[in-house]
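Here are some short exercises on a protein model. Try each task before you read its solution.

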Amino acid sequence: LQKHIKKAKLVESMEKLDIRTHLIVLISATLFWFVFQSNAEIHGLVVLCALYMCVAGYWEKAPGFIMTYIIMLLLAYLTAPIIGIMYVVICTFARAIPLTMVAAPILYANPSRMMYSFQRIHVPKNVLVMLCILIRFFPVIEKEMLSIRNGIRARGIFPTWWSILKNPIMAYECFFVPLTVRCLKLSTELGASAELRGLDSSNPRSCIYNIGFTYKDILAILGFVLGCIGVMLGVRTWL
């Protein structure tokens with residue numbers, strides 16, 4: 001029990017905001033994302049989302065999203081004179097990064113904490129189970145992809161990275177076929193694990209974490225919304 005209490009305190013120290021706050025901010029960011037028209041507004045949204053991740057306790061992951069956004073913009077401008085359609089595709093993915101940044105705290109959250117928070121706002125149980133399985137699925141699938149890659153290297157099938165370009169069909173068979181089989185097995189294992197943990201139980205859930213809105217959550221929501229309004233008014237007034 002003491003071990004679980006220490007883990008709960010560690011999670012609470014990292015996750016400084018309620019998960020429902022992340023959901024409200026995600027909805028707000030999506031609405032402003034549709035309203036924003038210029039690239040300068042999207043740049044401002046990226047900065048606000050990075051600041052929100054820092055406030056939420058995920059400051060270590062924010063620089064990775066920012067670097068990805070900058071690299072994708074550079075690739076878009078470099079490919080624009082060569083292939084116009086690539087510019088559109090890369091820019092579309094780049095514009096979606098701020099929404100991914102706001103959704104990241106939900107995906108990184110503790111599943112028990114997330115289920116208890118969403119259950120209090122009457123989110124359907126099927127949606128909760130699906131979210132928890134997805135949160136557990138992505139970290140595991142990353143490890144499986146690394147193990148498949150290491151297995152291919154150990155067998156000497158592709159000694160260099162450019163060997164994949166010489167025979168892409170074989171690369172597809174050697175990587176995606178075992179990955180597909182492993183995903184099917186993982187989905188069965190995660191589903192069985194979810195049932196054993198009582199995710200399908202009809203009884204009210206309990207949680208060892210402190211769940212509830214505080215002044216920090218209110219300030220975070222207001223700060224993000226006011227920041228988006230300030231970016232929109234500032235950019236449109238300046239331009």
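The exercises below cover aromatic pairs, a surface patch and one helix of this predicted model.

**Exercise 1.** Classify the ring pair formed by W33 and F34.

*Solution.* The structure holds four aromatic pairs. In the pair of W33 and F34, the ring centres are 5.1 Å apart and the planes meet at 80°. Planes over 60 degrees apart count as edge-to-face. The pair is therefore edge-to-face. Next, check exposure. W33 has a relative accessible area of 22%, so W33 is partly exposed. F34 reaches 62%, so F34 is exposed.

**Exercise 2.** Classify the ring pair formed by Y77 and Y87, and place both residues in the chain.

*Solution.* Start with the geometry. The centres lie 5.8 Å apart and the planes are at 55°, so the pair is tilted. Now the location. Y77 sits in helix 4 and Y87 in helix 5 (residues 84–95), ten residues apart. The pair thus links distant parts of the chain. Y77 is partly exposed at 46%. Y87 is partly exposed too, at 26%.

**Exercise 3.** Which residues make the nonpolar surface patch of about 650 Å², and is M67 buried or partly exposed?

*Solution.* The patch consists of I66, M67, I70, I71, L74, L75 and L78. M67 belongs to helix 4 (residues 62–79). Its relative accessible area is 48%, so M67 is partly exposed.

**Exercise 4.** List the buried residues of helix 7 (residues 111–120), then find the residue with positive phi that follows helix 7.

*Solution.* Buried means under 20% relative accessible area. In helix 7, P111, R113, M114, M115, S117 and F118 are buried. After helix 7 comes H122, with a positive phi near 65°.

Terms used. Residues are numbered from 1 along each chain as its sequence is written. This is a predicted model: local features need pLDDT of at least 70, side-chain atom pairs count only at pLDDT 80 or more; totals for chains, interfaces and linings use all residues. Side-chain values use heavy atoms; hydrogens and water are left out. Buried means under 20% relative accessible area, exposed over 50%, partly exposed in between (1.4 Å probe, protein chains only). Helices (H or I, at least four residues) and strands (E, at least two) are DSSP runs, numbered from the N terminus. Patches are made of residues with over 30% relative accessible area and no salt bridge: like charges are joined within 9 Å, nonpolar side chains (Val, Leu, Ile, Met, Phe, Trp, Tyr) within 5 Å. Accessible areas come from the Shrake-Rupley method with a 1.4 Å probe; for residues, only the protein chains shown count as cover. A salt bridge is a side-chain nitrogen of Lys or Arg within 4 Å of a carboxyl oxygen of Asp or Glu. Rings of Phe, Tyr and Trp (its six-membered ring) pair if their centres lie within 6.5 Å; planes under 30 degrees apart count as stacked, over 60 as edge-to-face and the rest as tilted.
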